[in-house]
Amino acid sequence: MPETIFSKIIEGEIPSHKVYEDDYVYAFLDISQVTKGHTLLVPKKASANIFETDAETMKHIGVAIPKIANAIKDAFNPNGLNIIQNNGEFADQSVFHLHFHFLPRYENDVDGFGYKWVTHEDTIDDDQKAELAKQISAQIEG
Ligand code: 5GP
């Protein structure tokens with residue numbers, strides 16, 4: 001399959017704010033930070049979407065999902081968390097390397113992040129993103 005920006009992120013060719021990595025998966029902050037701590041989880045073995053992903057890859061994703069979700073919960077104490085996964089352009093997929101969005105939800109928007117699918121790419125700088133990633137990764141053991 002054609003290489004995507006996420007393969008380059010996994011390879012370190014494009015910088016990212018990593019929150020977790022093992023032999024099979026890579027998790028990093030979404031550049032858009034729709035809400036504080038918005039994170040993406042991707043398998044290292046590239047596939048375009050859920051329709052093209054093998055069961056073995058999904059086992060590794062399945063192990064990683066609660067790790068990432070709990071780390072975000074422990075880091076920011078959100079009121080809830082959505083896990084979102086888009087397949088196909090019609091369903092709002094824009095990067096064609098399977099990925100899961102972790103979108104922590106906050107009752108009072110105390111940090112100035114709102115929940116609408118609105119990007120905060122330009123209002124949260126790299127230092128802030130580095131700090132957010134550090135806070136999440138600190139909650140993951142091993
Ligand atoms: P999709 O719409 O395909 O479900 O989500 C793709 C996500 O990738 C978007 O939320 C977008 O902000 C994020 N994204 C696109 N390019 C980059 C990038 O270069 N770095 C990071 N960290 N996220 C990206």
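**Exercises on a predicted fold**

In this predicted model, helix α2 (residues 55–76) lies across β1, β2, β3, β4 and β5 (100–105) and runs at about 160° to β3.

**Exercise 1.** Determine which elements the protein has and how they follow one another from the N terminus.

*Solution.* Begin with the inventory: there are 3 helices and 5 strands. Reading from the N terminus on, these elements run α-β-β-β-α-β-β-α.

**Exercise 2.** Establish the order of the strands in the sheet and identify which strands stand at the edges.

*Solution.* The 5 strands form an open sheet, ordered β1-β2-β3-β5-β4, with antiparallel pairing. β1 (18–21) and β4 (80–84) each have a single partner strand and stand at the edges, so one side of each is left without a neighbour in the sheet. From one strand to the next, the twist averages 20°.

**Exercise 3.** Describe how strand β2 is joined to strand β3.

*Solution.* Strand β2 comprises residues 25–29 and strand β3 residues 39–43. The two run antiparallel and are joined by 5 bridges. At the level of residues, Leu29 stands opposite Thr39 in β3.

**Exercise 4.** Assess whether the radius of gyration of the protein agrees with that of a compact globule.

*Solution.* For 142 residues, a compact globule would have a radius of gyration near 14 Å; the protein has 14 Å, and the two therefore agree. Along the principal axes, the C-alpha trace spans about 40 × 35 × 30 Å. Of the 142 residues, 44% count as buried, that is, under 20% relative accessible area. The accessible surface comes to about 7,900 Å², with 49% belonging to carbon and sulfur atoms.

Terms used. Residues numbered from 1 in each chain as written. Predicted model: local features only at pLDDT ≥ 70, side-chain atom pairs only at ≥ 80, totals over all residues. Heavy atoms only, no water. Pairing = 2+ DSSP bridges. Helix = DSSP H or I, 4+ residues; strand = E, 2+ residues; numbered from the N terminus. Axes fitted to C-alpha atoms, helices over the stretch in contact; angles between N-to-C directions. Contact = heavy atoms within 4.5 Å. Rg over C-alpha atoms; globule rule 2.2 N^0.38 Å. Buried < 20%, exposed > 50% of the residue type's maximum accessible area, 1.4 Å probe, protein only. Areas by Shrake-Rupley, 256 points an atom, 1.4 Å probe, with all protein chains shown as cover.
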